Amino acid sequence: MDEPLAPPAPSPAVPAPRPPGRPRTFACPNCGGAVTLRAVGQSISATCSQCSSLIDVADENLRIIQKAQAALEPSEIPIGSRGRLQDVEWEVVGYMRRSDRTGYYEWIEYLLFNPYRGYRFLVREQGHWTLVKMLTRDVPAAGSTIDLTVEGRRYAFFSKGQALTKYVAGEFYWRASTADVTETADYIASPHRLMVESNDEEIIVSEGVYLEPSLVAEAFKLPLSDERDGPGVNQPNPHRRWLRVPLAALGVATLLQFGSLALSPGRQVASQTFTLTSADKGKTFASEPFRLDGRGNVEFETSAELKDDWLELDVALVNVETNKSYHASQGLENYSSGRVTERTSELLSPVPAGTYKLLIDTNAGLFTKVAETVPMVAREDYLQTWLRNNGQGGSFPSSQPTIAPAPANPLPSETFTVTVRHAVPIWSNYLGAVGLLALGAGFGFFRDRRFEQSRWEQGGIDEEAPSVSGNLAAGGFVAAAGSSSSDSGTDNWWSSSSDDDDDSGGSSSSDDSSSSSSSEDT
């Protein structure tokens, strides 16, 4: 007999990440002012908010990296501000102003920190915002001028040049300095962006996603201005959705029109030909009764052969059961050489089902024409005609008219045919809608192309930039945030239960946050 299987051993519980230590304050070795570290155990450098000296906080002697580089700059989002982006609460711990090689094009980078998610970068350039995350995976050909594919998303090469650091404030997880110069390359797949920074020592790839200015202002509860200067590098094209609207509407209109063709084939229900002479002035013609099954529109088509003439019809569609009538008028004319068949049609609004007939009142140019007679013939002509028809052997009629009347020409006449169709698809509305939608699509396409042209004019390759050697800090895409004179509430946020855990908690947080950062999608 088989022995019962032993229950599976329980899998070991995954330990929860240790919370980081409380923010730590120390005296600036240059001016003695208070410096607060928010990412304890992870920050490598910090800026004194009093004298703007850059301090190496990884050195237990708090070595000064750079003294008083410049007066403190105000920033839109002060250091210490907290905001919720992508359902994660972040604190601004650093601020950096950077530029291209020429110094003409500048942007701001804020360094955001969460002890369980690690670091993010909030970049503001020309009023546009991008939330950036450093990638921990290898990206082949990063930094080249070819398009890249990362995680199934294709990025188009946008620009290549250099980035210079002009100003730093706050704390960073590398030794940030205004001497930093890196080679950069940008790739876009709006609203996403791939950013590459490198020097001779390393290459760092970061991925960003575009944020609307209103979303950033709401996240940090600040009155941030929405002053976007031209298209953003990875800004979604705002005109593309307006281009899609008329195209989608055109597709819907086409679907409805051909659906109408299938449901309303325009079945012929009656067709009758009438002969009109000059003696029919004021006469009303009546058609044979016909049946309309179901409610629908009614089309009258009239055709007639005309030569130097005109024809007008007043048509009444009369319900023989209710005696209710629906009226339409039609006119045809032809004054070209030869006899030509003219056609015209008229569409009535939907009428109810029932038995109907047509009552047609006419008016035509032939009503002004009269019959002409052949001139009277002489008696001799009459007799010669009689002899020719009866032969020489016949006898002459006993009575012979002196003058014999000739037969008259027939009255001038015209024929016209009226054809009735029921439930006819209406093309005029569809064609009118197509025209309007085509104009809208054309306008949207023009604005779409102008936006893309303005976007790509910002890109290119800075071929005059000198090569960079050994300037990239050992961290990643450089980030930032402005200075803050208030630390209220900081001591109670992300703090451990004991002050003795400051250093160990910070160190543990560094490992945990790094792990979380590598697995989280932007």
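# Briefing: cores, ring pairs and salt bridges

Ala-423 sits in the loop between strand 24 and helix 4. Its phi is near 55°, a positive value in a residue other than glycine. The model is predicted. The chain holds five helices and 25 strands. Of its 522 residues, 43% are buried.

**Overall make-up**

- The chain exposes about 27500 Å². Carbon and sulfur atoms supply 51% of that area.
- Take the contacts between residues at least 6 apart in sequence: 72% of them join residues at least 24 apart.

**Nonpolar cores**

- In soluble globular proteins, nonpolar side chains tend to be buried together.
- The largest nonpolar core has 29 residues. Phe-290, Phe-300, Leu-317, Leu-358, Ile-360 and Phe-416 touch the most other members.
- Eight named strands each supply at least two residues of this core: strand 16, strand 18 (290-292), strand 19 (296-306), strand 20 (309-319), strand 21 (325-334), strand 22 (340-351), strand 23 (354-364) and strand 24.
- Another core, of 22 residues, lies apart from it. Its members include Leu-112, Trp-129, Val-209 and Ala-219.
- Which residues does Phe-300 contact, leaving aside neighbours within four places in sequence? They are Val-315, Leu-317, Ala-328, Gln-330, Thr-344, Ser-345, Glu-346, Leu-348, Leu-358, Thr-419 and Val-420.

**Aromatic pairs**

- The model contains 14 aromatic pairs.
- One of them joins Phe-113 and Tyr-119. Their centres are 5.1 Å apart and their planes meet at 45°, a tilted pair. Both Phe-113 and Tyr-119 are buried.
- Phe-274 and Phe-416 make another pair, with centres 5.4 Å apart. Their planes are at 25°, so the pair is stacked.
- That stacked pair links distant parts of the chain. Phe-274 is in strand 16 (residues 267-277) and Phe-416 is in strand 24 (residues 413-422), 142 residues apart. Both Phe-274 and Phe-416 are buried.
- One aromatic cluster takes in Phe-113, Tyr-119, Phe-121, Phe-172, Tyr-173 and Trp-174.

**Salt bridges**

- Side chains of opposite charge can pair when their charged atoms come close.
- The count comes to 20 salt bridges.
- Arg-124 pairs with Glu-76, and their closest N and O atoms are 2.7 Å apart. Arg-124 lies in strand 9 (residues 118-125), and Glu-76 lies in the loop between strand 5 (63-66) and strand 6 (82-85), so the bridge ties together parts 48 residues apart in sequence.
- Is Arg-124 buried or exposed? Arg-124 counts as buried, because its relative accessibility is 17% and the cut-off for buried is under 20%. Its partner Glu-76, at 28% relative accessibility, counts as partly exposed.
- Glu-207 forms a salt bridge with Arg-153, with 3.1 Å between the closest N and O atoms. Glu-207 is in strand 15 (residues 203-211) and Arg-153 is in strand 12 (residues 153-172), so this pair ties together parts 54 residues apart in sequence.
- Glu-207 counts as buried at 6% relative accessibility. Arg-153 is partly exposed, with a relative accessible area of 28%.
- Arg-193 bridges to Asp-186, the closest N and O atoms being 3.0 Å apart. Arg-193 and Asp-186 are both buried.
- Arg-267, Arg-291, Asp-293 and Glu-321 belong to one network, joined by salt bridges that share partners.

**Helix 4**

- Helix 4 (residues 427-456) has 30 residues. From its first C-alpha to its last, helix 4 reaches 42 Å. That is close to the 44 Å expected at 1.5 Å a residue.
- Which residues of helix 4 are buried? They are Tyr-430, Leu-437, Ala-441, Gly-444, Asp-448, Phe-451, Glu-452 and Arg-455.

**Backbone features to check**

- Ser-190 and Pro-191 are joined by a cis peptide bond, with omega about 10°. Pro-191 is in the loop between strand 13 (181-189) and strand 14 (192-198).
- Asp-308 has a positive phi of about 50°, although it is not a glycine. Asp-308 lies in the loop between strand 19 and strand 20. At 42% relative accessibility, Asp-308 counts as partly exposed.

How values were computed:
Residues are numbered from 1 along each chain as its sequence is written. This is a predicted model: local features need pLDDT of at least 70, side-chain atom pairs count only at pLDDT 80 or more; totals for chains, interfaces and linings use all residues. Side-chain values use heavy atoms; hydrogens and water are left out. Rings of Phe, Tyr and Trp (its six-membered ring) pair if their centres lie within 6.5 Å; planes under 30 degrees apart count as stacked, over 60 as edge-to-face and the rest as tilted. Buried means under 20% relative accessible area, exposed over 50%, partly exposed in between (1.4 Å probe, protein chains only). Helices (H or I, at least four residues) and strands (E, at least two) are DSSP runs, numbered from the N terminus. A nonpolar core is a set of buried Ala, Val, Leu, Ile, Met, Phe, Trp, Tyr and Cys residues joined through side-chain atoms within 4.5 Å. Contact means heavy atoms within 4.5 Å. The expected span of a helix is 1.5 Å times one less than its number of residues. Accessible areas come from the Shrake-Rupley method with a 1.4 Å probe; for residues, only the protein chains shown count as cover. A salt bridge is a side-chain nitrogen of Lys or Arg within 4 Å of a carboxyl oxygen of Asp or Glu.
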